[in-house]
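Here are a few notes to help you find your way around this one. Have the viewer open while you read.

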Amino acid sequence: MSNTPIDSCAINNEGVLIDICAFNDCHEQNVKRCRKCNRPFCIMHCNHYSPNFCKECFANLTIIADKFKRQFDHIADNGQKYTSVEERTRFYLDGPDWPFINPWIETLSDDELKILWVFHHHIMRTIEHENDTRNIEKNRRLRETPVAKLITGTVTKTKSVTKVVQPETPESMRAKWKKQGIPDAVIDMMVAAMKT
Ligand SMILES: [Zn+2]
Ligand SMILES: [Zn+2]
């Protein structure tokens, strides 16, 4: 435990030395002492992870997410054995401040241990509840988001085209043959043949 800094004490109206918050010229008198460094701190300057520590202690905490693969053996309906591999994540705490927590827990009295157990258990349940609520909400939003569906199968398309066919007349045939470069004498013969 480090020494209490001078600026974390003040003399009140009755001339009694009292603790004041040691952080950022705070001077709040409603304080408790940090379980690690013994400095007094107020509710505004308590630790992010635990209200038992001041805001500067226990700051070097790291959560490590360690991904690993796990293999599972299965027996199929036909008796064949097959394996599947699933990726899992293991979380653990790390950082220079983390090892401090174990010796601190060992120094707690039975009552303190019980109180902290109830306290952290309550926090844990509240966090779990909040996490579940958020997951349910996230899944609900995902279900409601319209997504493109993949349709497999045969799609038959019917295409209807209307074609107007003019009946050929000797004049239309004559024009067509003329375009093809057939001599007039031959066209005359062909038209004559059409009429018979
Ligand atoms: Zn403060
Ligand atoms: Zn501290």
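1. Start with confidence, since this is a predicted model. The chain averages a pLDDT of 81, and 87% of its residues reach 70 or more. Broken down by element, strand β4 (residues 40-41) comes out with the highest mean, 92, while strand β1 (residues 9-11) has the lowest, 73. As a rule of reading, coordinates should not be taken in detail where pLDDT is low.

2. Now the overall layout. You'll find 6 strands and 4 helices in the chain. Walking from the N terminus, the order is β-β-β-β-β-β-α-α-α-α. Of the 196 residues, 10% count as buried. As for contacts with a separation of 6 or more, 26% of them link residues 24 or more positions apart.

3. Next, have a look at the core. The largest nonpolar core has 13 residues, and the members that touch the most others are Cys-21, Val-31, Cys-34, Phe-41, Phe-53, Cys-54 and Cys-57. Phe-41 is a good one to click on: beyond its neighbours up to four places away in sequence, Phe-41 touches Cys-21, Ala-22, Phe-23, Val-31, Lys-32, Cys-34, Cys-46, Cys-54 and Lys-55. Among these partners, Cys-21, Val-31, Cys-34 and Cys-54 also appear in that list of best-connected core members.

4. Then there's the hairpin. Strand β5 (residues 62-75) pairs with β6 in the antiparallel sense, over 14 bridges. To see the register, find Phe-68, which sits opposite Arg-88 in β6. Between the two strands are 5 residues, and in this hairpin Gly-79 has a positive phi near 85°.

5. How many of the 14 residues of strand β6 (residues 81-94) are buried? The number is 0, so β6 lies largely in the open.

6. Finally, go to helix α4 (residues 184-195), where you'll find Val-191. Is Val-191 buried, exposed or partly exposed? Partly exposed, because 14 other C-beta atoms lie within 10 Å, and that count falls between the cut-offs of 12 or fewer for exposed and 20 or more for buried. Setting aside neighbours within four places in sequence, Val-191 is in contact with Pro-170, Met-173 and Arg-174. Take Met-173 as one of these: Val-191 and Met-173 are 18 residues apart along the chain, and their C-alpha atoms are separated by 7.9 Å.

Terms used. Residues numbered from 1 in each chain as written. Chains lettered and ligands numbered in written order. Predicted model: local features only at pLDDT ≥ 70, side-chain atom pairs only at ≥ 80, totals over all residues. Core = buried A, V, L, I, M, F, W, Y, C linked by C-beta atoms within 7 Å. Contact = placed C-beta atoms within 7 Å. Pairing = 2+ DSSP bridges. pLDDT = per-residue confidence, 0-100.
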